[in-house]
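Here's a quick tour of a ligand site and the sheet that goes with this fold. Have a look at the model, then read on.

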Amino acid sequence: MKHRFGYCSIAVFVVGLAVPVAGHTRDLYEDARMAMVEEIEADVRQTSLALDKEALDPRVMDAMASVPRHRLVPDELLDVAYENRPLPIGHGQTISQPYIVAIMTDLLNITPASRVLEVGTGSGYQAAILAELAEQVYTIEIIEPLGMLARDNLEKLGYDNIEVRIGDGYHGWQEHAPFDAIVVTAAASHIPPPLIGQLKAGGRMIIPVGSRFMVQQLVLVAKDTEGNVTTRQILPVRFVPLTGSH
Ligand code: SAM
C-alpha cells in the first residue's frame with residue numbers, strides 16, 4: 001500500500017472533452033480512471049490481511065470506475081484528478097484518496113435499498129460513489145461554500161438521490177434516520193453518540209477515530225439486530241479533523 005498518506009504516484013496528463021455513449025459518459029479521462037482502479041486493486045491486495053479480503057465488492061469497483069472524479073476537483077487539479085491520493089479542495093480540506101473511499105464504501109455493505117448518511121461532503125466524490133450503490137444518500141458539510149459547490153456539481157452530474165445539507169454532522173440528520181449505513185469522512189476523537197443512535201439495527205458505520213494531528217484508526221461500527229454495538233479497527237489512516245461545536 002503506497003499512497004495512503006497522500007504521496008504522489010503517477011502523473012496523469014489528460015484533457016477534458018466528454019462524449020456521451022449509450023447513456024453513459026465516455027470521457028477522455030477514462031484511461032486515467034481505469035489506471036486508478038488498478039492501483040486501488042493492488043493496494044487492496046497489499047492490505048488484504050487488514051481488510052480480511054483480497055478484492056472489494058465488484059459493485060464498489062464499478063462505481064469507482066464510473067464516477068468522474070475530475071468533475072469534482074478544482075480546475076487546476078484536472079491533470080492529477082485520478083492520482084490515487086488526496087487532493088486539496090480549498091478551505092483547508094481534501095477530497096479523500098480513492099483507495100480509502102473504496103474500502104470505506106466496501107466496508108458498509110451497501111445494497112440498492114440502502115439509505116446512507118455521510119458526514120463530511122467535501123467535494124461530493126464519496127457521496128457520488130455511495131449514490132451509485134444506494135437508494136438515497138444524505139450528506140452533511142459544515143463549510144458552506146464547499147457544501148454549496150458539491151450540491152451544484154452533483155446536480156450537474158445528474159445525481160437525484162443525494163441530498164446535501166449545510167451543518168454540523170456530529171448530530172446526524174434525525175429527520176431521515178435511521179440509516180442502514182453511516183460514513184464519517186473526518187477524524188473524530190470519539191464515535192458521536194447521535195450517529196450510533198441513528199444507525200439502524202443491522203447497520204454499519206465507518207469512521208476515522210483519533211487525535212487530529214496524528215494517525216487515526218479507521219473503525220468499523222456494527223449494530224446487531226438486538227441493537228448491540230461492536231467496533232473493529234481496520235487500519236491506520238490520516239484524515240482532516242471533524243470540527244464543530246460539539
Ligand atoms: N467525503 C469528502 C469527499 O469525497 O471529497 C472528503 C471529505 S474531507 C476529508 C472532510 C470534510 O468533512 C471536509 O469537507 C470538512 O469540512 C468536513 N467536516 C469536518 N467536520 C464536519 C462536521 N462536524 N460536520 C460536517 N462536515 C464536517
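## Around the ligand

A residue counts as near the ligand if one of its heavy atoms lies within 4 Å of it. This is a predicted model, and it puts 27 residues around the ligand, with Ser123, Glu141, Asp168, Gly169 and Thr243 coming nearest. By class, that shell breaks down into 11 nonpolar, 13 polar and three charged residues.

Which atoms make polar contacts with the ligand? Glutamate 141 uses its side chain, with an N or O atom 2.6 Å from a ligand oxygen. The backbone does the job elsewhere: a polar backbone atom of isoleucine 142 is 3.3 Å from a ligand nitrogen, and a backbone N or O atom of threonine 243 sits 2.7 Å from a nitrogen of the ligand. On its own the ligand has 610 Å² of accessible area, and the protein covers 99% of that.

Strand 4 (93–95), strand 5 (115–119), helix 5 (125–133) and strand 6 (136–141) each give two or more residues to the shell. Strand 4 has the largest share, at three residues.

## The sheet

Seven strands make an open, mixed sheet, ordered 7-6-5-8-9-10-11. Strand 7 (162–166) and strand 11 (229–237) are the edges; each has a single partner strand, so one side of each lacks a neighbour in the sheet. From one strand to the next, the twist averages 15°.

Strands 6 and 7 run parallel, joined by five bridges. Isoleucine 140 stands opposite arginine 165 of strand 7.

## A helix across it

Helix 4 (residues 98–107) lies across strand 8 (179–184), strand 9 (199–209), strand 10 (216–223) and strand 11, at about 165° to strand 11.

Terms used: Residues numbered from 1 in each chain as written. Predicted model: local features only at pLDDT ≥ 70, side-chain atom pairs only at ≥ 80, totals over all residues. Heavy atoms only, no water. Polar contact = N/O pair within 3.5 Å; in protein donor to acceptor, adjacent residues only side chain to side chain. Areas by Shrake-Rupley, 256 points an atom, 1.4 Å probe, with all protein chains shown as cover. Helix = DSSP H or I, 4+ residues; strand = E, 2+ residues; numbered from the N terminus. Nonpolar A, V, L, I, M, F, W, Y, C, P; charged D, E, K, R; others polar. Pairing = 2+ DSSP bridges. Axes fitted to C-alpha atoms, helices over the stretch in contact; angles between N-to-C directions. Contact = heavy atoms within 4.5 Å.
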